[in-house]
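Please explain how this chain is put together, for someone who has not looked at it before. Begin with the core and then go on to the strands and some single residues.

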Amino acid sequence: MEELTEIIGCFCSLLCNPEDCSTGRIVCDYGRDVVVELANGNNILLSRDEVLIYD
């Protein structure tokens, strides 16, 4: 279930650089997991431990 948090919309860097995209924006927060929209437009589900979130 999606949570409403202050990190939605924040930019982030991926610590596990998939497909040569290393930055994105948080679009959904599921508690321990987040959905990141990458610069190339793809959305991926990652653990919070796999991203560095900028506020």
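**From the core outward**

The largest nonpolar core consists of 9 residues: Ile7, Cys12, Leu14, Ile26, Val34, Val36, Leu38, Leu46 and Val51. Two elements give two or more residues to this core, namely strand S1 (11-14) and strand S3 (33-38). The most comes from S3, which gives 3 residues. The model in view is a predicted one.

Isoleucine 26 is one of the core residues, and its contacts show what surrounds it. Setting aside residues up to four places away in sequence, isoleucine 26 touches Ile7, Ile8, Gly9, Cys10 and Cys12, then Val34, Val35 and Val36, and also Ile53.

The chain as a whole has 5 strands and 0 helices, and its pattern along the sequence is β-β-β-β-β. It has 55 residues, of which 31% are buried. About 3,700 Å² of the chain is exposed, with 50% of that area supplied by carbon and sulfur atoms. Among contacts with a separation of 6 or more, 37% are between residues 24 or more positions apart.

How are the strands arranged? They form an open sheet of 5 strands, in the order S4-S3-S2-S1-S5, and the pairing is antiparallel. At the edges are strand S4 (43-47) and strand S5 (51-53), each of which pairs on one side only. From one strand to the next, the twist averages 45 degrees. In general, the strands of a sheet pair through backbone hydrogen bonds, in a parallel or an antiparallel way.

One pairing can be followed residue by residue. S3 and S4 run antiparallel and are joined by 5 bridges. Aspartate 33 has serine 47 in S4 as its bridge partner, while glutamate 37 stands opposite asparagine 43 of S4. The two strands form a hairpin, with 4 residues between S3 and S4. In the turn of this hairpin, glycine 41 has a positive phi of about 95 degrees.

Two polar residues in the strands deserve a separate look. The first topic is serine 13, which lies in strand S1. Is serine 13 buried or exposed? Its relative accessible area is 17%, which is under the 20% limit, so serine 13 counts as buried. Beyond its neighbours within four places in sequence, serine 13 is in contact with Ser22 and Thr23, with Glu50, Val51 and Leu52, and with Tyr54. With tyrosine 54 there is also a polar contact between side chains, at 2.8 Å. Val51, another residue in contact with serine 13, belongs to the largest nonpolar core.

The next topic is aspartate 29, found in strand S2 (residues 23-29). Aspartate 29 counts as buried because its relative accessibility is 0%. What does the side chain of aspartate 29 join in a polar contact of 2.6 Å? The partner is the side chain of arginine 48. A polar atom of the aspartate 29 side chain also lies 2.9 Å from the backbone nitrogen of glycine 31.

To go over the main points again, the core draws on S1 and S3 for two or more residues each, and the open sheet places S4 and S5 at its edges. Serine 13 and tyrosine 54 are joined through their side chains, as are aspartate 29 and arginine 48.

Note on methods:
Residues numbered from 1 in each chain as written. Predicted model: local features only at pLDDT ≥ 70, side-chain atom pairs only at ≥ 80, totals over all residues. Heavy atoms only, no water. Core = buried A, V, L, I, M, F, W, Y, C linked by side-chain atoms within 4.5 Å. Buried < 20%, exposed > 50% of the residue type's maximum accessible area, 1.4 Å probe, protein only. Contact = heavy atoms within 4.5 Å. Pairing = 2+ DSSP bridges. Axes fitted to C-alpha atoms, helices over the stretch in contact; angles between N-to-C directions. Polar contact = N/O pair within 3.5 Å; in protein donor to acceptor, adjacent residues only side chain to side chain. Areas by Shrake-Rupley, 256 points an atom, 1.4 Å probe, with all protein chains shown as cover.
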